[in-house]
Amino acid sequence: MAYTPEKPPLAESSDQLRARIPGWGADLDPRDRPSVPRELQPDPGRTGAHWEFPERQEEKWPRERSIEHAFLTPVFGTSCPPRGLSGVVRKLAYARYSEGRAAHWLLLLGADRVDAVESHLRSFVTLRPDNPITETGVLSELSRHGVTSRVGRRRADLNHQVLDPAVVAGPWLVAGFLGYAVLKRVVGTRAGR
């Protein structure tokens with residue numbers, strides 16, 4: 001069982017594995033292993049653990065759990081609870097797909113992008129909205145040798161350098177255009193009354 005101090009038993013014996021897998025067990029002899037002095041634990045009680053199974057952390061909300069695991073790990077992070085549409089996407093990734101599937105990780109990457117958009121939108125209703133000019137490092141391109149550090153250096157990121165302004169400024173331009181269109185429509189309908 002996971003999270004207990006003893007090692008889990010092998011599914012097959014050493015002789016069965018050696019017969020089935022060529023070269024298996026080449027490091028079973030302690031004289032051939034460089035980590036033996038530290039690895040040997042003659043007394044299983046000398047692990048330093050004061051528990052047989054760790055005390056479980058309290059769940060304040062239903063946590064995401066991989067479908068490969070029987071239960072949630074005894075200790076888990078609580079700094080970023082899933083919320084909004086990104087939380088729904090994260091929960092879907094854990095509930096439906098194994099960690100060995102690309103769909104699981106692609107959904108988590110998509111949830112991160114959705115979370116970034118949600119955070120930008122949330123910043124507009126605060127007293128200090130995001131500032132794309134200072135927070136993206138655009139000003140440092142001119143003042144901190146941004147251009148000269150790329151010219152003639154055979155850097156890998158030169159391929160997408162042309163796309164960077166569109167990726168960074170594109171969402172802001174789209175949001176500004178949509179805001180302008182909504183404002184124009186609202187003002188137009190009020191003037192028409």
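These legends describe an overview and several close-up views of a predicted model.

**Figure 1. The whole chain is built from helices, with 7 helices and 0 strands.** Read along the sequence, the pattern is α-α-α-α-α-α-α. The chain has 193 residues, and buried residues make up 12% of them. About 16,000 Å² of the chain is exposed. Carbon and sulfur atoms supply 60% of that area. Take the contacts between residues at least 6 apart in sequence: 39% of these join residues at least 24 apart. The count of salt bridges comes to 4. The next three views show some of these pairs.

**Figure 2. Glu12 pairs with Arg20 in a salt bridge.** The closest N and O atoms of Glu12 and Arg20 are 2.8 Å apart. How exposed is Glu12? Its relative accessible area is 26%, so Glu12 counts as partly exposed. Arg20 belongs to the residue range of helix H1, which covers residues 14–20.

**Figure 3. Arg18 and Asp15 form a salt bridge within helix H1.** Their side chains meet with an N to O distance of 3.2 Å. Both residues lie in helix H1, residues 14–20. Arg18 and Asp15 are 3 residues apart there, so about one helical turn separates them. The partners have their own accessibility values. Arg18 is partly exposed, with a relative accessible area of 39%. Asp15 is exposed, at 57%. The cut-off for exposed is over 50%, which is why Asp15 falls in that class.

**Figure 4. Arg63 and Glu64 form a salt bridge between buried residues.** The closest N and O atoms of Arg63 and Glu64 are 3.7 Å apart. A salt bridge here needs a nitrogen within 4 Å of a carboxyl oxygen, so the pair qualifies. Are these two residues buried or exposed? Arg63 is buried, and Glu64 is buried too.

**Figure 5. Arg90 sits in helix H3 and is buried.** Helix H3 covers residues 84–96. Arg90 has a relative accessibility of 19%. Buried means under 20%, so Arg90 counts as buried. Which residues does Arg90 contact, leaving aside its neighbours within four places in sequence? The partners are Leu108, Ala111, Asp112 and Asp115. Two of the names in that list are aspartates, Asp112 and Asp115. Leu108 and Ala111 complete the set of contacts.

Key
Residues are numbered from 1 along each chain as its sequence is written. This is a predicted model: local features need pLDDT of at least 70, side-chain atom pairs count only at pLDDT 80 or more; totals for chains, interfaces and linings use all residues. Side-chain values use heavy atoms; hydrogens and water are left out. Buried means under 20% relative accessible area, exposed over 50%, partly exposed in between (1.4 Å probe, protein chains only). Helices (H or I, at least four residues) and strands (E, at least two) are DSSP runs, numbered from the N terminus. Contact means heavy atoms within 4.5 Å. Accessible areas come from the Shrake-Rupley method with a 1.4 Å probe; for residues, only the protein chains shown count as cover.
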